[in-house]
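Reader: Can you walk me through this one? I'd like the fold, the pockets and a few residues.

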Amino acid sequence: GPIKIPIEVMDIKGLLNVPIAERCFGGSMVKLFITAAIFSAINFLSIVGIASGFESDNNVKWAAPRELIAQGVSNIAAGAVGSAPVSGSMSRSLVSRMTGATSKLACIITALLWIYMMPYMSVMSPTPKAALSAVIVSAVVKNVVMPKKLLALKGTDFIVGVGTAATTAITSPTLGFGAGMVMYIVISIVAGKDSKKKVA
């Protein structure tokens, strides 16, 4: 018989009445929107890092508008079915590339497998975290031990890159991306003021 997708679209009224702001943001919709905006910005930075890396290493062309539209549509779909927000992941992308999956078809197959295998995911639950971590580490260890692209940066870019990498290693990728964005903005403002003083 036909394969049934184990997804149920949420009722619009129920979707709007979900008390997320009350549970997680003290009832403040402002905090909810600020958090969502920060997540969107950091997520896009992650996408830029992934896409630019694949472009330079595998000649896979990318465009910012296309990625923004894709992420926006994905998150709308995720909200409609009550899923967590959709984001990009450098480690998952590198694992896919390590296994030879770089085409659009590979993405579609992966998505369909995730959907159709949902009822059987309990089989994967007992997998030790160390085993899962080993797969990710094997994909990223080369760039961590010898970060050629990071070392090739100069001036302000090098400072922001090292600061972002250090913050990511000490805390988390989300905080790392956020710290890098803040450092870049601060350094750009300071550099802009210095250049104005020299001109004057």
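Author: What follows covers the overall make-up, then the pockets, then some single residues. This is a predicted model, in which local features need pLDDT of at least 70, side-chain atom pairs count only at pLDDT 80 or more, and totals for chains, interfaces and linings use all residues. Residues are numbered from 1 along each chain as its sequence is written, and side-chain values use heavy atoms, with hydrogens and water left out.

Reader: OK. How many helices and strands in the protein?
Author: The protein has 10 helices and zero strands. Both are DSSP runs numbered from the N terminus, with helices being H or I of at least four residues and strands being E of at least two.

Reader: What percentage of the residues is buried?
Author: Of the 200 residues, 14% are buried. Buried means under 20% relative accessible area, exposed means over 50%, and partly exposed is in between (1.4 Å probe, protein chains only).

Reader: And the accessible surface, what does it come to?
Author: About 14700 Å², with 71% of that belonging to carbon and sulfur atoms. The areas come from the Shrake-Rupley method with a 1.4 Å probe, and for residues only the protein chains shown count as cover.

Reader: Pockets next. What volume has the largest pocket?
Author: The largest pocket has a volume of about 2300 Å³. Of its 47 lining residues, S87, R92, S93, C107 and T110 are the closest to the centre. A pocket here is an open set of points on a 1 Å grid over the protein atoms alone, where a 1.4 Å probe fits, with protein on both sides within 12 Å along at least five of seven lines; lining residues have an atom within 4 Å of a point. The volume is the space filled by probe spheres set on the points, which are joined across faces, edges and corners.

Reader: Which element gives the largest share of that lining?
Author: Helix α6 does, with eight residues of the lining of the largest pocket. By class, that lining has 28 nonpolar, 14 polar and five charged residues. Ala, Val, Leu, Ile, Met, Phe, Trp, Tyr, Cys and Pro count as nonpolar, Asp, Glu, Lys and Arg as charged, and the others, Gly among them, as polar.

Reader: What about the second largest pocket, what volume?
Author: The second largest pocket has a volume of about 2000 Å³. It is lined by 46 residues, and the closest to its centre are G49, M90, T164, A165 and F177. Helix α3 gives the most to this lining, 12 residues. The lining of the second largest pocket divides into 24 nonpolar, 16 polar and six charged residues.

Reader: T164, then. Buried or exposed?
Author: T164 is buried, at a relative accessible area of 17%. T164 sits in helix α9, residues 156-170.

Reader: Which residues is T164 in contact with?
Author: Leaving aside neighbours within four places in sequence, G176, F177, G180 and M183. Contact means heavy atoms within 4.5 Å.

Reader: Switching topic: how many salt bridges does the structure hold?
Author: The structure holds one. The side chains of E67 and R66 form it, at 3.9 Å, N to O. The criterion is a side-chain nitrogen of Lys or Arg within 4 Å of a carboxyl oxygen of Asp or Glu.

Reader: How do E67 and R66 count for accessibility?
Author: E67 is buried at 18% relative accessible area, whereas R66 is partly exposed at 44%.
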